[in-house]
Amino acid sequence: RAVAMSVSHSSRLNKLVREQYMRLPQDGRVQVTYVWIDGSGEGVRCKSRTLEKEPKSIEDVPEWNFDGSSTAQAEGSNSDMFLVPVCMFRDPFCLDPNKLVLCEVLKYNRKPAETNLRHTCKKVMDLVKDSHPWFGMEQEYTLLGINGHPYGWPDNGFPGPQGPYYCGVGADKVYGRDIVESHYKACLYAGVKICGTNAEVMPSQWEFQVGPCEGIEMGDHLWMARFILHRVCEDFGVVATLDPKPMTGNWNGAGCHTNYSTEEMRREGGLKHIEAAIEKLSKRHHYHICVYDPRGGRDNSRRLTGHHETSNIFEFSAGVANRGASIRIPRQVGQDGRGYFEDRRPAANCDPYAVTEAIMRTTVLNETKDYAEH
């Protein structure tokens with residue numbers, strides 16, 4: 001029996017008609033889509049404008065503004081917010097010469113908006129630039145129908161237990177690969193440093209990886225990869241959720257495992273620097289938990305149970321090749337005596353600026369307070 005999948009109405013519009021218009025010449029003018037993080041700290045917003053010629057660098061893209069009262073970022077009586085361009089990408093939806101531009105949000109007084117966590121992250125990354133921090137983040141997400149039910153799951157019931165789905169192949173094991181591959185290609189076209197993808201443990205759950213990125217670039221590229229994911233899903237009529245535990249029960253949650261190294265960790269004898277960094281992290285577990293999801297750890301408390309390949313949220317642990325630990329040292333790194341380690345605590349909906357800033361504050365700037373000040 002054919003099952004009607006729960007997809008959005010707009011995804012059913014005639015895409016061939018759209019293609020006719022997309023092929024029209026632009027006479028040298030360029031469409032620039034400004035992208036920013038809204039007042040939730042999780043959602044992204046966008047709007048577009050025309051520039052008379054193609055911007056060659058971020059300095060060629062002018063500041064703009066938007067109505068912050070409609071994004072939970074300002075009062076209606078003083079609603080204008082500034083969009084400050086910080087990172088430019090090719091536009092995989094409208095194609096060259098059009099651009100996607102990631103922006104910081106400033107309030108009317110030019111101070112950073114509450115959810116503009118890039119501002120302080122950039123200051124920290126400038127302080128630690130001599131240590132050349134590299135990051136790679138593994139973004140897990142779950143595809144949902146427009147009704148909020150995991151895409152491809154039975155309407156009334158559940159798929160078979162976890163086991164055959166991770167890195168699976170076959171129509172009975174994976175759902176939505178078209179979306180995943182379209183997102184991958186779109187990121188490559190855009191210039192996002194996407195480095196891989198795979199089907200995850202729960203059916204309809206996927207992961208893509210971004211990196212290696214140095215410093216502030218990690219947050220910039222992951223946020224743009226998220227925007228492109230939501231935009232691709234819009235075309236297909238489904239929803240990508242970054243909820244850390246979209247399905248209660250015996251199903252894996254969704255994280256954003258963060259791989260990290262400094263130059264001295266990557267050099268000969270780097271393992272001792274890795275172990276020293278892990279020791280520093282062990283003393284600030286609560287601080288990191290507080291900044292590893294947008295709700296001070298409440299979202300992660302649903303995920304970090306000590307089951308389903310997670311550590312317990314209340315305990316810090318580390319181990320070689322241990323996916324049930326807070327920090328995992330890959331087996332190869334243990335053998336080579338140098339490399340990187342993986343912080344498995346960040347939630348799927350974390351802000352990568354907050355995560356990478358916290359790691360640098362603890363491991364390089366040697367801060368020790370075990371609570372978050374913002």
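**Helix α10 and residue G68**

Trainee: What makes the D351–Y353 pair at the start of α10 a polar contact?

Mentor: A side-chain oxygen of D351 comes to within 2.8 Å of the backbone nitrogen of Y353. A polar contact is a pair of N or O atoms within 3.5 Å, one able to donate a hydrogen and the other to accept it; residues adjacent in sequence count only if both atoms are side-chain atoms. This is a predicted model: local features need pLDDT of at least 70, side-chain atom pairs 80 or more, while totals for chains, interfaces and linings use all residues. Residues are numbered from 1 along each chain, and side-chain values use heavy atoms, without hydrogens or water.

Trainee: Why is α10 called a helix?

Mentor: Helices are DSSP runs of H or I, at least four residues, and strands are E runs of at least two, numbered from the N terminus. α10 has twelve residues, 352-363. The expected span is 1.5 Å times one less than the number of residues. That gives 16 Å, and the end C-alpha atoms are 16 Å apart, so the two agree.

Trainee: How do you know whether α10 is enclosed or open?

Mentor: Buried means under 20% relative accessible area, exposed over 50%, partly exposed in between (1.4 Å probe, protein chains only). Twelve of the twelve residues are buried, so α10 is largely enclosed by the rest of the structure.

Trainee: Why is G68 called buried?

Mentor: Its relative accessible area is 0%, so G68 is buried. G68 lies in the loop between β3 (64-67) and β4 (80-90). Leaving out residues up to four places away in sequence, G68 touches Q73, A74, S79 and M81 (heavy atoms within 4.5 Å).
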